[in-house]
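Thank you all for coming. Please take a moment with the sequence and the structure before I begin, and keep both in view while I talk.

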Amino acid sequence: RTTMKSLRFISAEAFVSNAEFARKSLGAVAHDLFPLLFKASYLLEQGEVIHDLVENWPLFDFNIGKLLGATLDYKEDLSHRTCSVCLESCLTGLRDYVLNQSSPYMKKLKVVDLTGIKDVEVQFCKCKKTMGRWARTQLLSKLCSDLLVYLQRAQCNPGTFEVSISVLIDLFVTERNYELVVQALLKKCSCPLKICCVAFRSDNLTLQKFFYIIKLTDPSLLRKLEIVHNVHLEMEHLEMLFNHIHFPLLMSLTLPARTFNVRRFTATDEQTLTNIGEKMGEMTQLTELSMSFSILTGRIQKILSPLKTPLKMLDVSNCSLNHADMAFLANSFHANHLEALDLSGHDIPELYPSTFFKLLSHCSSVLRSLTLEDCNIQDTHVNMLILGLSPCQKLQEFKFIGNPLSSQALKHLFTFLCELPMLKNVEFPVPRDCYPFGITYPIDDASVCRFDHQKYERVAEELNLILLQANRDDVKASTPLFGSYDAAVQETNNELGAYLIKSFKETLEKFTSSFNKTS
């Protein structure tokens with residue numbers, strides 16, 4: 001598929017393709033052409049030109065999402081290209097903008113917005129080397145620290161110290177880059193480049209470090225907070241967080257697994273949960289909530305009823321919800337607004353079929369993403385599922401891996417899915433008849449790959465043929481056996497893997513020590 005380019009864009013490509021000529025000629029270029037040249041340079045991966053464009057940026061703002069997004073001159077959106085060459089040139093260019101000795105009166109730049117970059121699985125840049133969110137956090141923090149060191153040592157133009165640029169960024173902090181980010185945030189007042197954290201993701205951090213750094217980010221500006229995986233946040237810590245820090249603009253909250261466990265609740269815990277619900281009720285912008293892998297049986301109402309703004313995204317996968325929880329969701333004011341819903345890990349057909357379909361009917365006019373993985377959906381439930389999904393005409397994504405469905409049932413379901421006009425992504429299970437007879441669901445990790453791969457490939461081809469015959473080649477169908485692609489996990493998997501091995505080793509040593517004492 002080729003995207004049409006205007007003559008202006010073709011001319012811009014020709015101009016930047018000769019890097020040496022382009023860099024020498026920038027002084028004579030009209031200011032309003034800089035955005036056009038930036039996108040052309042990014043498309044051609046002309047790192048040196050990108051650096052010089054940013055170093056001499058003549059406008060008040062630099063919004064990378066808008067600059068790389070669809071424009072009249074070139075409609076293709078390049079914001080999903082996290083090309084390392086381009087992004088490093090961009091950030092070093094920003095540092096050199098501050099150091100550039102031209103008159104301070106020429107420097108208009110006040111806001112740099114780096115939040116529009118989208119991390120995706122497949123990259124189209126020629127260098128094939130990406131710079132993910134963690135690496136962008138690392139590089140910007142390093143550049144801010146280096147900049148301060150340089151300014152303190154060098155004889156700079158006095159005007160350099162008057163430069164003040166707010167840099168909006170989605171920070172991603174783990175143990176490995178923690179110290180560097182902390183230093184950059186601590187010295188924010190002195191640095192011409194001022195990190196403004198709009199979204200914050202933390203993984204593999206001790207609670208002490210998490211609480212310290214979250215205060216440094218200026219939580220009053222935070223719109224998205226993700227506390228994931230190896231941050232051992234439990235309910236009492238969450239209450240402490242909400243009691244001491246206010247998040248007036250927070251729109252999206254992701255909590256780590258096992259934050260809540262109602263099976264060991266005391267009367268004090270019930271009050272703690274009530275307090276957390278009330279504090280979340282004060283977050284009037286909150287529309288996205290993820291609480292997967294917590295045990296919330298019978299407590300959904302206590303958490304969600306204080307919310308004053310309807311949720312657009314809710315992830316309660318593997319949360320052991322009961323009928324009362326599902327009834328609350330189906331009848332709550334959230335139901336009519338849910339655009340993304342994840343109920344994975346619940347035996348929907350057995351526990352609450354009618355209540356689930358009531359919830360589905362209420363959100364059908366707005367629902368864009370539905371995830372029902374490991375929900376015990378069998379062949380006998382497919383017709384009912386089709387009936388429930390039929391009104392969901394805005395559905396773009398449907399994920400249902402881990403369900404015991406036969407090849408025949410999948411073909412029947414795919415024939416229906418072709419009729420959903422907005423559908424773009426389907427994640428379907430390995431058919432039950434591809435596994436050995438007697439396999440039990442949910443399938444454990446050790447058995448998940450033990451299926452007839454040739455038979456699966458044949459079925460997958462038939463399912464794709466159903467899509468092609470219905471002129472739906474715009475739909476991507478796949479079976480990610482170990483879950484969907486997560487850019488953040490992918491980028492830091494080496495660090496997280498090392499952490500898990502260390503934790504396992506420590507647990508083993510404690511066990512051995514205890515065993516030796518008793519023997």
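**Salt bridges, strands and a core**

The structure holds 21 salt bridges, where a salt bridge is a side-chain nitrogen of Lys or Arg within 4 Å of a carboxyl oxygen of Asp or Glu. Before I go through some of them, I should say that this is a predicted model, in which local features need pLDDT of at least 70 and side-chain atom pairs count only at pLDDT 80 or more, whereas totals for chains, interfaces and linings use all residues. Residues are numbered from 1 along each chain as its sequence is written, and side-chain values use heavy atoms, with hydrogens and water left out.

As background, side chains of opposite charge can pair when their charged atoms come close. One such pair is Lys5 with Glu13, whose side chains meet at 3.1 Å, N to O. I will call a residue buried under 20% relative accessible area, exposed over 50%, and partly exposed in between, using a 1.4 Å probe and protein chains only. On that scale Lys5 is partly exposed, at 31%, while Glu13 is buried, at 12%.

A second pair is Lys118 and Asp77, which form a salt bridge at 3.3 Å, N to O. Lys118 lies in the loop between strand S2 (111–113) and helix H7 (133–153), and Asp77 in the loop between helix H5 (64–68) and helix H6 (84–99), so this pair ties together parts that are 41 residues apart in sequence. Those helices and strands are DSSP runs, numbered from the N terminus, with at least four residues (H or I) for a helix and at least two (E) for a strand. Both partners are partly exposed, Lys118 at 41% relative accessibility and Asp77 at 28%.

In a third pair, Arg472 meets Asp474, with their closest N and O atoms 3.0 Å apart. Here Arg472 is buried, with a relative accessible area of 8%, and Asp474 is partly exposed, at 32%. Salt bridges also link Arg23, Glu48 and Asp52 in a network.

Let me turn to the strands. Why can we call strand S3 (residues 165–173) largely enclosed by the rest of the structure? The reason is that seven of its nine residues are buried. S3 pairs with S2 in the parallel sense over three bridges, and two strands pair if DSSP finds at least two bridges between them. Asp113 has Leu168 in S3 as its bridge partner. S3 also pairs with strand S4 (residues 193–202), again in the parallel sense, over nine bridges, and Leu171 stands opposite Phe200 in S4. Between S3 and S4 the chain passes through helix H8 (residues 178–186), and this β-α-β crossover is right-handed, meaning that, with the strands pointing away from the viewer, the path from the first strand over the helix to the second runs clockwise.

Next comes helix H11 (residues 267–281), whose 15 residues should span 21 Å at 1.5 Å a residue, and whose end C-alpha atoms are indeed 21 Å apart; the expected span is 1.5 Å times one less than the number of residues. Its buried residues include Leu273, Ile276 and Met280, and among the elements that cover its buried residues are helix H10 (235–244) and helix H12 (300–304).

Finally, the largest nonpolar core has 159 residues, of which Phe38, Leu225, Leu241 and Phe398 touch the most other members. H6 gives the most to this core, with eight residues.

How values were computed:
Contact = heavy atoms within 4.5 Å. Core = buried A, V, L, I, M, F, W, Y, C linked by side-chain atoms within 4.5 Å.
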